[in-house]
Amino acid sequence: AEYRWHVERPGKDVLYIKPRKELFLPDRNRIFSFYARGAQHAHQIFALFRGPNRLQQEIFICSLDFSGWKRFEVVIPPYLRSRNPLKQNRFELYFQGLKVQSHFRDQPGMSVFNLAQMLIMADTSDKKIPSADMPAEF
């Protein structure tokens, strides 16, 4: 998707890219990844997560100070991969969206960047049936 953003106050303007409802991620989530096409601006992208203990966390992903497409991967911190004892001890993590923070040294004006193929890689090994190649759930 292409995003066009008019920055008026560099260093203070923030763009939030959020789903209509935060996304529930039920497994042991390990890595957050997406492709970005840079804007030759130093704007920074953060992923917004919420854990089962209501802990909200911004994870720095990248700066858009390049041109062309690049893939970015970040490890989701272990303290956000916890279980919720109130919900049958299941893993619980919520993706709340992306935050794009304008850089204070950039000039005001239009900034255009693209994001594609956002994914979260999870460890589902606990769902495997012992000595089988298939998970217990699909």
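**Chatting about salt bridges and a sheet**

Reader: Hi! What is the relative accessible area of Glu58?

Author: Hello! Glu58 has a relative accessible area of 37%, so it counts as partly exposed. Keep in mind that this is a predicted model.

Reader: Cool. Which residue does Glu58 meet in a salt bridge?

Author: Its partner is Lys99, with 3.2 Å from N to O between the two side chains. Glu58 sits in strand β6 (residues 56-63) and Lys99 in strand β10 (residues 93-101), so the pair ties together parts that are 41 residues apart in sequence.

Reader: And Lys99, buried or exposed?

Author: Lys99 is buried, at a relative accessible area of 12%.

Reader: Why would those side chains pair up at all?

Author: Side chains of opposite charge can pair when their charged atoms come close.

Reader: How many salt bridges are there?

Author: The count comes to 5. Among them is the one between Glu2 and Arg4, where the closest N and O atoms are 3.1 Å apart. Glu2 is partly exposed at 43% relative accessible area, while Arg4 is exposed at 57%. Another joins the side chains of Asp13 and Arg9 at 3.2 Å, N to O. There, Asp13 counts as buried at 10%, and Arg9 is partly exposed at 48%.

Reader: New topic! Which residue in β11 stands opposite Glu2?

Author: That would be Asn114. Its strand, β11, covers residues 109-123. Asn114 is buried, with a relative accessible area of 11%.

Reader: What does the Asn114 side chain make a polar contact with?

Author: With the side chain of Arg37, at 2.5 Å. Leaving aside residues up to four places away in sequence, Asn114 touches Ala1, Glu2, Tyr35, Ala36, Arg37 and Trp69.

Reader: Okay, so which strands pair with β11?

Author: Strand β1 (residues 2-7) pairs with β11 in the antiparallel sense over 6 bridges. Strand β4 (residues 28-37) also runs antiparallel to β11, joined by 8 bridges. Along β4, Tyr35 stands opposite Ala116 in β11, and Phe32 stands opposite Ile120.

Reader: What's the strand order in that sheet?

Author: The order is β1-β11-β4-β7, an open sheet of 4 strands with antiparallel pairing. β1 and β7 (69-75) are at the edges with a single partner strand each, so one side of each has no neighbour in the sheet. On average, neighbouring strands of this sheet are turned by 30 degrees against each other, direction ignored.

Reader: Thanks, that helps!

Definitions and conventions: Residues are numbered from 1 along each chain as its sequence is written. This is a predicted model: local features need pLDDT of at least 70, side-chain atom pairs count only at pLDDT 80 or more; totals for chains, interfaces and linings use all residues. Side-chain values use heavy atoms; hydrogens and water are left out. Helices (H or I, at least four residues) and strands (E, at least two) are DSSP runs, numbered from the N terminus. Buried means under 20% relative accessible area, exposed over 50%, partly exposed in between (1.4 Å probe, protein chains only). A polar contact is a pair of N or O atoms within 3.5 Å; within protein, one must be able to donate a hydrogen and the other to accept it, and residues adjacent in sequence count only if both atoms are side-chain atoms. Contact means heavy atoms within 4.5 Å. Two strands pair if DSSP finds at least two bridges between them. Axes are lines fitted to C-alpha atoms, for helices over the stretch in contact, and angles run from 0 to 180 degrees between N-to-C directions. A salt bridge is a side-chain nitrogen of Lys or Arg within 4 Å of a carboxyl oxygen of Asp or Glu.
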